Amino acid sequence: MSSSATGAAKPTITVTLDGSNRSTSLPVLSGTIGPDVVDIRKLYGDLGVFTFDPGYGATASCDSKITYIDGDQGVLLYRGYPIEQLAEQSDFIEVSYLLLYGNLPSPAQLEEFRKGVTYHTMVHEQLRRFFDGFRRDAHPMAVICGVVGALAAFYHDNLDINDPKAREIACFRLIAKIPTIAAWAYKYSIGQPFMYPRNDLSYAENFLYMLNAVPAEPWKPNPILSRAMDRILILHADHEQNASTSTVRLAGSTGANPFACIAAGIAALWGPAHGGANEAVLKMLGEIGTPENIPQFISEVKDKNSHTKLMGFGHRVYKNFDPRAKIMKETCHEVLAELGIKDEPLLDMAMEMERIALSDDYFIQRKLYPNVDFYSGIILKAMGIPTSMFTVLFAVARTVGWVSQWKEMIEDPSQRIGRPRQIYTGSVQRDYVPVTRRG
């Protein structure tokens, strides 16, 4: 195939199929920032060929106004606002409004939105019975995946995805109820009574309350830990068209109800290559054992013939420092200082790994900086949250991104049902031979 760019105002790429007299001109589309994309929708009709892109790493499946990432420069924007500014100066509810509606709210709009989320945090009382159907040792991600999917059976009054008001109510319900469901999944796993949400607490405080409080004694929020949780939620709220977000959009493209779509996103997030990364960090540290074993571990990482994997360093998207990691690093040290943690072996190893990564030429040359998963895993460990809950917390944060992406997709008239193509490499057509005549 050959290609050439033509036209200044509306550039195109001309593609000619070698050995034929067929060619086509494909328009080049530009976003507000970021690389241009080639619109290949005419490719099959004009040339009879598809593109091949395993993992869709070079394919734009939609246009979106929500999140922008520049991995080379270490940039992450929510609706145009740098993540650093939002994490330092905003809170999760305001960021949720921004992602969902596109602009920062006025004080009155923020208050109304905050109340809307707060007064949807309760779940239908019959939903409690769902938890009893799970084994006590079930992974919390399995529990919330099932319970979130079941919400459609309890809140079927507003499942008309073509009704803007119904879409908004569904978004409110999901953002508000996911912390309650997540906390109850944890309480169920440890045999403690469920704690109902409190309207006098912030979003992050309420989540920590439902995770940690017991009826036998009063619970007071710790502002340092509450702020740390709020930042974790903000930093994980959305991340462009990743695997789970794409799953939500693909499920949503069929017209499926929003609860089913978010349950699909939770299932995708469960994978260790996606949401389970911070859990993998602590597993790696546990396998190292003690700080004295770190040099040997590092040498194995550097050995090309070794299969030792380094978790929590570098990022598939960010080829520079993960912009979220700097905020998480500061938050990590704030939490450790607040809790007075100095002699926890896993945390000691983590700090030593951080020191090496920031000074060793091997890490520096390969830009293997500690990423957000590295620090968030340490923070959650220090706060006493078990590793089985790490991905659950990720799902709590990402729900607002998922519903924002789902809502944007439903409101986009150009979106169609997802239908990826394939290269078929199986057998050509064969004639069936009855079993009695074989061999």
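Me: Why are H8 and H9 called roughly perpendicular to each other?

Reply: In this predicted model, helix H8 (residues 203-212) and H9 pack with their axes 8 Å apart and at an angle of about 110 degrees, the axes being lines fitted to C-alpha atoms over the stretch in contact and the angles running from 0 to 180 degrees between N-to-C directions. Angles under 35 degrees count as roughly parallel, over 145 as roughly antiparallel, 65 to 115 as roughly perpendicular and the rest as oblique, and H8 and H9 are therefore roughly perpendicular to each other.

Me: Which residues make the contact of H8 and H9?

Reply: Tyr203, Ala204, Glu205, Phe207 and Leu208 of H8 meet Leu225, Ser226, Met229, Asp230 and Leu233 of H9, where contact means heavy atoms within 4.5 Å. These residues divide into seven nonpolar, one polar and two charged, with Ala, Val, Leu, Ile, Met, Phe, Trp, Tyr, Cys and Pro counted as nonpolar, Asp, Glu, Lys and Arg as charged, and the others, Gly among them, as polar.

Me: What makes H7 and H11 oblique to each other?

Reply: The axes of helix H7 (residues 164-190) and helix H11 (residues 258-269) come within 10 Å and cross at roughly 40 degrees, and H7 and H11 are therefore oblique to each other. The crossing in which H7 passes H11 is right-handed, the word for a near helix turned clockwise from the far one by less than a right angle, whereas anticlockwise would be left-handed. Ala170, Arg173, Leu174 and Ile178 in H7 meet Pro258, Phe259, Ile262 and Ile266 in H11, and this contact of H7 with H11 divides into seven nonpolar residues, no polar and one charged.

Me: How do you know that S5 and S6 pair in the sheet?

Reply: Two strands pair if DSSP finds at least two bridges between them, and four bridges join S5 to strand S6 (residues 75-78), with the two strands running antiparallel. Within this pair, Ile69 stands opposite Leu76 in S6, while Thr67 has Tyr78 of S6 as its bridge partner. Four residues lie between S5 and S6 in their hairpin, and Gly74 in the turn has a positive phi of about 70 degrees.

Me: Why is one side of S5 and of S7 left without a neighbour in the sheet?

Reply: The three strands form an open sheet in the order S5-S6-S7, paired antiparallel. Strand S5 (67-70) and strand S7 (81-82) stand at its edges, each with a single partner strand, so one side of each lacks a neighbour in the sheet. S6 and S7 are joined by two bridges, and Leu77 stands opposite Pro82 in S7. Arg79, in the loop between S6 and S7, has a positive phi of about 50 degrees although it is not a glycine.

Me: How do you know whether Glu240 is buried, partly exposed or exposed?

Reply: Buried means under 20% relative accessible area, exposed over 50%, and partly exposed in between (1.4 Å probe, protein chains only); the relative accessible area of Glu240 is 28%, so Glu240 is partly exposed. Glu240 is placed in the loop between helix H9 (223-235) and helix H10 (243-252).

Me: What do the numbering and the values rest on?

Reply: Residues are numbered from 1 along each chain as its sequence is written, and side-chain values use heavy atoms, with hydrogens and water left out. Because the model is predicted, local features need pLDDT of at least 70 and side-chain atom pairs count only at pLDDT 80 or more, whereas totals for chains, interfaces and linings use all residues.
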